[in-house]
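Me: Got a minute to go through this model with me? I'd like to start with the cysteines and then look at a helix and a strand.

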Amino acid sequence: GMNVLFIVVDDLRPVLGCYGDKLVKSPNIDQLASQSVVFNNAYAQQAVCAPSRVSFLTGRRPDTTRLYDFYSYWRVHAGNYSTMPQYFKENGYMTMSVGKVFHPGVSSNYHDDYPYSWSIPPFHPSTEKYENDKTCRGKDGRLYANLVCPVNVTEMPGGTLPDIQTTEEAIRLLKVMKTQKQKFFLAVGYHKPHIPLRYPQEFLKLYPLENITLAPDPWVPKKLPSVAYNPWMDIRQRDDVQALNVSFPYGPLPDDFQRQIRQSYYAAVSYLDMQVGRLLNALDDVGLSSSTMVVFTADHGWSLGEHGEWAKYSNFDVATRVPLMFYVPGMTSAAASQQGRIFPYLDPFSHNLGLVPQGQSKKVVELVSLFSTLAELAGLQVPPACPKTSFHVALCTEGASIVHYFNSSEEKVETEDGCEDNNRCHTEEPVAFSQYPRPSDTPQWNSDRPELKDIRIMGYSMRTIDYRYTVWVQFNPNNFSADFEDVHAGELYVVEIDPNQDYNIYNNTLHGHLFKKLLGFLKH
């Protein structure tokens, strides 16, 4: 069997060299991609931290975990579902969590689902507690809790930052595991580029402000239904944004500040890349890179001004699309290269390799497939597909393994193989489903993160290679039911002619077949 290094990043959309971004400096993640199968069309099931993480860690969709907010623990509230790390643990693996893997708090029972999911208590960096403190120096020399927050690390509480501590602890555990005979599943959760955009200030040098553009579509689209818009409340609450006095809900941020946010998001990604580089270099150092698969992904994306929106909290591609790559020794890459090193550390300040991914798949895939995919790659029995209603079933998944996409060339028509697998034929065009709750038809203070009791509308969204189709329907939080006969609004974007999803053609297109497809899926 093979070890697993599972890297999950908070709020990272695919602004990476290996995804074709021309501005970003991400040499270490690009180097990982050059040894991996990279999925170009991977989507989260809900564009907010806790629901997305509980979904992919249990292999169940939000309608099954019943977590759309931050305030319930699925084992109590929905069903006693096994998680991916729990399954590995029950199959003899040492499972370890470092940094932000489960979302902390109620939704993981205050202890990151320990002891069910992990062999040892999860590690959280000691400086995590300062994340939202006033640690950003303003022009006046005073400290603020800003959104845009380049810092001098030596001045920070503890003289470090959470992701640096997370990397150090993960490296320490790799050194320990090197001496053990036991296989391991090590999950490493990075905070950046989650807000605040707090990172070592030297990374700003990589992105001179004059090279930073606005989003290609920094306006609210004319035909965007108001229910679909997210008013980015979390950003408005930061000191530097508050000082701008932007009108609610649509008031645009000033252009120069938009550029600063985008600049700092990129800088935070390069800071993250450095941490990933140090981690993978350590995997080489301890001699485990030929016996450890590496999975790299994020919990969801993040809008950078597209559609006049910031943050996550929507069904657009910018909020739901994530990077997803799998390095599997001997399968996705040849044997070790120079001096047996696969991941030599690359300094983002001096390297920009522009390495191409080993294999790229345009297949549309979902994070809910991670559980079954990792099980299959590790040679474990793949958990069965969930029945139509699975609240009482402890071990099953709602996302089929995507291993069969790893080496299929894009052109050849998939054969009928896999049809005995519970009717999950691989002949159907793959689809990704996401969803997002709203408290009302128009944007209000809690539109981004409504609590369960306040949810009145659910936006169900279906992404294929050709289009994104979303219907916003009446939802009853008391019995978790959606009423598809009561459609409040809809969206339809055609990828080929409208890649940025700016021109909603829902009201002037016949889409009954799409509605049927969406319903057929949701009713299984």
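Reply: Sure, let's take the disulfides, then a helix, then a strand, bearing in mind that this is a predicted model.

Me: OK, how many disulfides are there?
Reply: The count comes to 2 disulfides. One joins cysteine 136 to cysteine 149, with the sulfurs 2.2 Å apart. The other joins cysteine 386 to cysteine 396, at 2.0 Å from S to S.

Me: Where do cysteine 386 and cysteine 396 sit?
Reply: Each lies in the loop between helix 11 and strand 14 (432-438), so that pair ties together parts that are 10 residues apart in sequence. Both cysteine 386 and cysteine 396 are buried.

Me: Is that link left-handed or right-handed?
Reply: Right-handed, because the torsion about its S-S bond is about 90°.

Me: And which hand does the link of cysteine 136 and cysteine 149 have?
Reply: That link is left-handed, with -100° about the S-S bond. Cysteine 136 is in strand 4 (residues 136-137) and cysteine 149 is in strand 6 (residues 148-151), so the disulfide ties together parts 13 residues apart in sequence.

Me: Are those two buried or exposed?
Reply: Cysteine 136 counts as buried at 3% relative accessibility, and cysteine 149 is buried too, with a relative accessible area of 1%.

Me: What about cysteine 18, buried or exposed?
Reply: Cysteine 18 counts as buried, at 4% relative accessibility.

Me: How far is cysteine 49 from the nearest cysteine sulfur?
Reply: The nearest cysteine sulfur is that of cysteine 149, 18 Å away, and cysteine 49 is in no disulfide. Cysteine 49 is buried, with a relative accessible area of 2%.

Me: Switching to helix 2, how many of its residues are buried?
Reply: Helix 2 (residues 49-58) has 10 of its 10 residues buried, so the helix is largely enclosed by the rest of the structure. Among them are Cys49, Arg53 and Phe56.

Me: What do they pack against?
Reply: The buried residues of helix 2 pack against strand 1 (3-9), helix 3 (62-65), helix 4 (74-77), helix 5 (84-90) and helix 11 (370-377).

Me: What follows helix 2?
Reply: Glycine 59 comes next, and its phi is positive, near 70°.

Me: Last one, which strand is strand 3 joined to?
Reply: Strand 3 is joined by 6 bridges to strand 7 (residues 184-190), and the two run parallel. Methionine 96 stands opposite leucine 186 in strand 7. In strand 3 (residues 94-99), 6 of the 6 residues are buried, so this strand is largely enclosed by the rest of the structure.

Notes
Residues numbered from 1 in each chain as written. Predicted model: local features only at pLDDT ≥ 70, side-chain atom pairs only at ≥ 80, totals over all residues. Heavy atoms only, no water. Buried < 20%, exposed > 50% of the residue type's maximum accessible area, 1.4 Å probe, protein only. Helix = DSSP H or I, 4+ residues; strand = E, 2+ residues; numbered from the N terminus. Pairing = 2+ DSSP bridges. Contact = heavy atoms within 4.5 Å. Disulfide = S-S within 2.5 Å.
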